[in-house]
Amino acid sequence: MIDDDDIPNRDAGINGYHKIDRYNPELIASLSGHYKEVLSQMGENPEREGLLKTPERVAKAMLFLTQGYDLDAKQILNSAMFKEDYSQMVVVKDIEVYSMCEHHMLPFFGKAHVAYIPNGHVVGLSKIPRVVDVFARRLQVQERLTNEIRDCIQETLEPLGVGVVIECRHLCMSMRGVQKQNSVTTTSAFTGEFLKDKTRTEFLNLIASKLS
């Protein structure tokens with residue numbers, strides 16, 4: 001089984017991910033050149049002291065923030081699936097989400113709440129947040145992100161149902177455009193048992209509650 005301390009990387013290894021310890025130097029060099037040109041087009045001097053390393057830093061940051069393109073969420077789930085006679089709801093809530101809006105390439109961030117009802121198999125709990133990260137670490141819209149998480153869990157585990165709720169703040173709304181600082185966007189997606197009012201209500205109550 002993959003160690004939980006392993007981190008996704010462009011050079012994906014066993015089951016689609018392993019600890020990150022290097023970047024592709026040719027890709028970094030290519031991206032850095034483009035970012036250097038962007039700085040120049042903006043009227044900046046990329047040769048001044050404060051910006052000398054900026055193109056390389058931004059290139060590495062973008063590769064980290066988009067590492068989800070090189071990962072297989074289904075393989076991550078399959079790496080820790082276990083037969084288990086448990087058929088009650090499993091909820092992993094308050095999963096931190098950091099993603100990039102594909103329209104303006106500005107961040108959006110918040111929390112994801114994911115639940116499923118097992119149908120003969122459970123998955124290691126850490127794999128649910130990993131699946132969220134796989135799809136979040138891409139250029140995204142929140143609506144698609146919500147559906148991709150739902151569909152991946154449904155298709156891989158084949159549970160009795162999946163529920164996903166995501167709540168995020170979008171910097172493309174607060175830093176530019178309408179400039180609304182306190183707006184939060186909530187999206188949801190459900191399958192199977194979660195399409196029933198009783199099950200969905202239980203899930204929503206659970207994610208709204210706090211541990212005493």
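Two strands count as paired when DSSP finds at least two bridges between them. The exercises below apply this criterion and a few others to a predicted model.

**Exercise 1. Describe the overall composition of the protein chain.**

Solution. Begin with the secondary structure: the protein chain contains 7 helices and 7 strands, and along the sequence these follow the pattern α-α-α-β-β-β-β-α-β-α-β-α-β-α. Turn next to burial, for which the cut-off is a relative accessible area under 20%; 40% of the 212 residues of the protein chain count as buried. The accessible surface of the protein chain comes to about 11,900 Å², and carbon and sulfur atoms account for 52% of that surface. Finally, consider the contacts between residues at least 6 apart in sequence, of which 69% join residues at least 24 apart.

**Exercise 2. Work out the strand order of the open sheet of 5 strands, and state how its strands pair.**

Solution. The order across this open sheet is E5-E2-E3-E6-E7, and the pairing is mixed. Strand E5 (139-140) and strand E7 (185-190) are the edge strands, since each of them pairs on one side only. On one flank of this arrangement, helix H4 (residues 127-136) packs on the sheet, where it touches strand E2 (90-101), E3 and E5, and the direction of H4 makes about 20° with that of E2.

Now take the pairs one at a time. E2 and E3 run antiparallel and are joined by 9 bridges, with Met100 standing opposite Pro107 in E3. These two strands form a hairpin with 5 residues between them, and in the turn Met105 has a positive phi of about 55°.

Strand E3 (residues 107-117) continues the sheet by pairing with strand E6 (residues 161-170) in the antiparallel sense, over 10 bridges. The register can be followed from several partners: Phe109 has Arg169 as its bridge partner in E6, His113 has Val165, and Ile117 stands opposite Gly161. E6 and E7 also pair in the antiparallel sense, here over 6 bridges, and Glu167 stands opposite Thr186 in E7.

**Exercise 3. How many of the 10 residues of E6 are buried?**

Solution. First place E6 in the sheet, where the strand order sets it between E3 and E7. Then consult the burial of its residues: 8 of the 10 are buried, so that E6 is mostly covered.

**Exercise 4. Compare the length of helix H5 with its expected span, and locate its buried residues.**

Solution. Helix H5 (residues 142-157) has 16 residues, which at 1.5 Å a residue should span 22 Å; the C-alpha atoms at its ends lie 23 Å apart, in agreement with that expectation. The buried residues of H5 are Gln142, Leu145, Thr146, Ile149, Arg150, Cys152, Ile153, Thr156 and Leu157. Seen down the axis of H5, these buried residues fall within an arc of 160°, and therefore they line one face of the helix.

One member of this set can be examined individually. Thr156 has a relative accessible area of 12% and is therefore buried, given the cut-off of under 20%. When its neighbours within four places in sequence are left aside, Thr156 is in contact with Lys74, Leu77, Asn78 and Met81. Just after H5, Glu158 takes a positive phi of about 50°.

**Exercise 5. Carry out the corresponding analysis for helix H2, and name elements that cover its buried residues.**

Solution. Helix H2 (residues 54-65) has 12 residues and reaches 16 Å from its first C-alpha to its last, close to the 16 Å expected at 1.5 Å a residue. Its buried residues are Thr54, Pro55, Ala59, Met62 and Leu63. Around the axis they cover an arc of only 170°, which puts them on the same side of H2. Among the elements that cover these buried residues are helix H1 (25-41) and E2.

**Exercise 6. Is Met175 buried or exposed, and what separates it from Leu106?**

Solution. Met175 is placed in the loop between helix H6 (171-174) and E7. Its relative accessible area is 54%, so Met175 is exposed, the cut-off being over 50%. Along the chain, Met175 and Leu106 are 69 residues apart, whereas their C-alpha atoms are separated by 9.1 Å.

Technical notes. Residues are numbered from 1 along each chain as its sequence is written. This is a predicted model: local features need pLDDT of at least 70, side-chain atom pairs count only at pLDDT 80 or more; totals for chains, interfaces and linings use all residues. Side-chain values use heavy atoms; hydrogens and water are left out. Helices (H or I, at least four residues) and strands (E, at least two) are DSSP runs, numbered from the N terminus. The expected span of a helix is 1.5 Å times one less than its number of residues. Buried means under 20% relative accessible area, exposed over 50%, partly exposed in between (1.4 Å probe, protein chains only). The arc is that of the directions from the helix axis to the C-beta atoms. Contact means heavy atoms within 4.5 Å. Axes are lines fitted to C-alpha atoms, for helices over the stretch in contact, and angles run from 0 to 180 degrees between N-to-C directions. Accessible areas come from the Shrake-Rupley method with a 1.4 Å probe; for residues, only the protein chains shown count as cover.
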